[in-house]
Amino acid sequence: MGATWAESSQVLRDVADSCKQQQWSTAIRLLTSHPGLSSSAVLLCNRALCYSKLELYKHVVKDCDKALVLSPCTPLASLYKGQALAAMGKHQESIEVWRKGYEAGLGQTIDLQVLLQLHSLTCLTKIAPEKVSSPAVKGATYPTSYPQNDEPVKVALRNRSAPAAGGVNSKEGTLSDGHEASNEIRRLSVDLRIARGIAEVNSGKYDKAVDIFTQLDKENIGSTSALIGRGTAYAFQRKLDLAIADFSKAIELDPKALEAWKRRGQARAATAPSLEAIADLSEALKLDPNSPDTLNERGVVYYKLKDYHSAIYDLRACVALDSTNKYAYNYLGLASTAAGDYVEGLAAHFKALELDPSFREGWIHLAQSYKEHANSAEAMQCLRKVLSLDVKYIHAYRLLGLLLLSLGDHRVAIKELTVGLEMDPSNKECFYLRGSCSHAIGNFEEAVKDYEVVIEADVHTGENRTLQSLSFYQREIALYSATKSNLPIDHFDIDKDLEAVFKEAWCKRMSPLVLLPSYVRQPQFKDPGNALTPKIENFVLTKSKKALLEAADRLGHRIQYNCPGFLRNLRQHRMAGLAALEIAQKVANYRRVLREARKVQEMSIMEKEQKLGDHIEEVSQNGVGACSSSTSVSPCSCHQEARLKNQGLNWRDVYSIGVKWRQVSEPCDPVVWVDMLSEKEFAAGFGSHTPMLLGQSKVVRYFPNFSRALGVAKRIILEERQVFNAANRPVDVSDPMQLLSIDSAANCRDIYDVVGEDFWIVTPCYSTARRGKVLDGTRLTLQKLGLNGFDFSIRTPGTPQRWAEYEEEMHAAWEEYCDAYCGRSKAPNNPKQLKKLQDCILRLAFYWYNFMPLARGTAVVGYVTLLGLFLAADMEVSASIPEGVQVDWEAILSSDLQSFMQSVRPWLLPSLIHDTSWQNLPNVSETFPTLGSVLGVLSSNY
């Protein structure tokens with residue numbers, strides 16, 4: 001028992017210390033742990049007092065009720081309960097509680113001062129009869145009731161000396177000291193005025209609340225509480241600057257005003273997530289380190305600032321203190337997923353939904369997480385659940401439309417987005433998405449209408465301005481496409497037809513204002529005399545088209561990466577299959593031309609040799625010496641073949657087939673040749689940017705390549721002993737200690753700390769065309785983002801010099817492919833010829849991926865072309881790409897062709913099957929000759 005008493009005594013000392021430091025949450029936790037809490041009215045009242053400091057008035061009422069059950073004659077319980085009810089706007093109930101408490105205390109041995117306070121409060125029925133009964137708003141951004149200023153709040157709690165002689169006249173029911181009663185009533189009237197202002201805020205009557213708090217501020221009474229109350233009313237009205245000003249004044253008056261710090265942090269975060277908001281919330285946590293609400297608030301701000309590690313720390317602390325906070329679990333799920341911990345992210349989302357199965361935002365964010373990790377079925381199920389809860393929830397329609405677009409189901413996406421826009425016509429992203437879907441299926445006029453809604457909108461955020469810029473570029477592309485819709489597909493050529501500056505701005509998502517005043521807009525549908533008559537070509541399935549599509553769909557799904565983040569887009573699969581078949585058909589046709597040309601050449605050589613032989617024999621008979629016939633014939637035949645190749649198909653022609661199909665299949669992606677941009681941009685080295693780590697976010701698609709890429713970067717730095725900074729100047733890192741640190745580096749921070757600034761290094765790519773020459777591969781770039789984040793990415797500049805070197809490499813690889821292709825036709829069963837041909841195709845793929853000549857789409861075009869080149873040689877790739885393998889990254893992170901071949905041969909070559917059935921298929925370019933027909937087949941549900 002002694003030990004128990006000592007432990008209890010220590011708990012009470014800790015409670016007192018916590019209260020001195022205004023750490024109310026800690027005090028509540030300590031009191032809750034006290035073994036005598038449930039049987040002690042005094043302890044229950046103490047906990048009720050702590051709850052009141054945190055404005056948890058329902059808990060105050062519950063504890064006071066328990067105390068009154070234990071001891072009906074507990075005036076403090078009546079006092080605290082009445083104050084809580086008053087703060088909740090239940091003034092008549094509060095006065096009745098005070099009256100009963102006063103009557104129950106008469107004649108009892110209790111604190112006389114508390115009894116007098118109860119009596120004074122009962123007198124307020126004649127002074128402040130106003131009745132405010134509106135309930136508090138639930139789920140508001142800011143807490144819905146406010147702390148009262150120290151002076152008025154503590155009037156009813158402060159231990160003061162006993163009243164003057166005369167005591168209480170129970171018969172009359174009035175205080176014998178009229179002056180003391182008058183002061184007491186005046187102070188308590190202030191309390192009620194503040195409570196009334198709070199009730200007005202909670203009921204949404206913000207202007208009335210502002211009037212009440214402004215009057216209190218003018219009277220210089222209840223000033224801190226009035227400022228906090230008025231600031232909160234302003235915040236609800238989105239008058240955030242006024243709110244911040246009031247909270248700042250409150251802090252000046254009382255630097256320990258916890259609620260002022262917290263609410264100023266909230267107001268600053270609502271203006272824009274910032275370090276200032278973090279600083280205010282951190283000050284609030286110094287005053288109350290275990291406040292789950294403040295931890296949640298700061299965690300959310302950290303998340304919005306993309307400081308995911310700090311967000312996770314705060315949100316974990318929050319749910320440890322309050323395991324019922326669904327909002328904290330929701331943001332913990334978002335932060336964990338962004339930081340790369342998909343398992344913890346899902347677990348947090350599940351917990352949020354376990355707490356509230358009707359939590360719309362929880363279902364939406366869970367769906368988003370599933371979508372980002374390419375789990376489309378689960379994402380779809382979550383979105384359907386949201387819409388079953390709230391059929392008007394626009395964000396569900398937005399995400400559903402985006403998911404369907406990503407899966408290639410544009411027509412269904414249009415239907416869902418249209419329903420959403422009927423519910424909320426103000427959502428500009430839904431207009432943009434619907435326009436994109438209409439654009440993709442060839443409904444250009446409807447697409448332009450939706451794009452123009454976004455363009456003409458009055459936007460206020462950077463995100464919406466970007467959407468507005470994209471809508472401008474997409475509208476121009478749609479208008480251009482409309483002029484080509486009924487023409488042969490070759491007439492659709494955005495690389496040659498669109499202005500270079502336009503394409504550059506499109507790729508960079510720049511404001512269209514940069515195009516002024518020289519840019520000439522595309523013809524408009526409403527222009528007088530406009531010849532735009534595009535029509536959506538209805539896809540009619542015939543027997544020949546069916547056979548073609550079955551082959552295309554079977555082949556096309558081989559492009560699918562089986563990695564997180566890559567959704568299965570059936571439209572893109574069909575695009576890939578048709579493109580590969582067209583490549584195979586055109587290459588095979590080119591082979592036939594070459595073969596026929598070589599036959600002609602061989603016949604010509606034989607005829608010349610025969611004539612020359614007759615001539616030699618004749619000359620020999622006349623005594624003239626003979627000469628070698630080969631010296632006169634071979635140069636001629638080689639010259640003819642070279643001229644034929646120049647007039648026929650080159651490597652760029654072949655890859656351009658895949659490029660055009662990619663451009664048509666998803667018109668919102670800027671798939672353009674880098675060398676067709678402006679001369680200035682090309683000279684500056686425009687190129688792609690693919691991050692693996694962005695700040696603290698592990699990019700779901702590409703982070704799996706992080707460890708290997710970091711290892712490559714370390715190896716290059718150790719070999720070169722230098723890096724290049726942002727100004728492209730070399731930075732020496734040859735010091736032995738630096739090299740040792742780099743060798744042992746485990747992450748981006750370790751390497752960055754050694755170099756001390758942003759830098760890049762270039763991967764080597766060994767030439768095959770010119771032995772010993774090393775081409776520039778890609779740039780591995782490390783940049784610091786914020787205090788704790790890094791951008792670790794590949795950036796491939798397309799400079800003229802680099803372009804010329806890779807163009808030479810691609811030309812040589814293509815020439816060797818053509819030779820091997822024709823050579824195999826002479827010896828189809830020769831294993832050496834077969835291996836040579838296979839190696840030539842892999843060689844083209846390797847240098848194409850390292851070349852990266854497109855602003856976007858290099859990866860898919862590269863693999864589509866690989867499929868087509870194998871098929872042209874009667875070899876069909878029958879296997880899917882193995883799980884976790886990204887073929888373009890295999891090439892980029894390999895310094896030489898042999899290394900790349902070793903990584904892909906084991907799974908690719910065994911999957912090749914001999915197939916000539918494709919030769920009997922209809923010609924792709926003849927079956928779908930126009931842009932409209934191509935859009936029709938890509939948009940068909942068959």
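Guide: Helices here are DSSP runs of H or I at least four residues long, strands are E runs of at least two, and both are numbered from the N terminus. The model is predicted, so to speak with its own cut-offs: local features need pLDDT of at least 70, side-chain atom pairs need 80 or more, and totals for chains, interfaces and linings use all residues. Residues count from 1 along each chain as its sequence is written, and side-chain values use heavy atoms, without hydrogens or water.

Visitor: How much space lies in the largest cavity?

Guide: A cavity is a set of points on a 1 Å grid over the protein atoms alone where a 1.4 Å probe fits but cannot get out. Searching the whole structure turns up six of 30 Å³ or more. Volume is the space filled by probe spheres on points joined across faces, edges and corners, and for the largest cavity that comes to about 110 Å³.

Visitor: Which helices each supply at least two residues of its lining?

Guide: Lining residues have an atom within 4 Å of a point. There are 13 for the largest cavity, with Ser-481, Phe-492, Gln-663, Val-664 and Pro-667 closest to its centre. The helices you're after are helix 25 (462-484), helix 31 (651-665) and helix 42 (931-939).

Visitor: And the second largest cavity: which element gives the largest share of the lining?

Guide: This one holds about 50 Å³. Its lining includes Leu-710, Phe-759 and Thr-781. Helix 33 (706-720), strand 7 (759-766) and strand 8 (774-785) each give two or more residues. The largest share, three residues, comes from strand 8.

Methods:
On a 1 Å grid over the protein atoms alone, a cavity is a set of points where a 1.4 Å probe fits but cannot get out, and a pocket is an open set with protein on both sides within 12 Å along at least five of seven lines; lining residues have an atom within 4 Å of a point.
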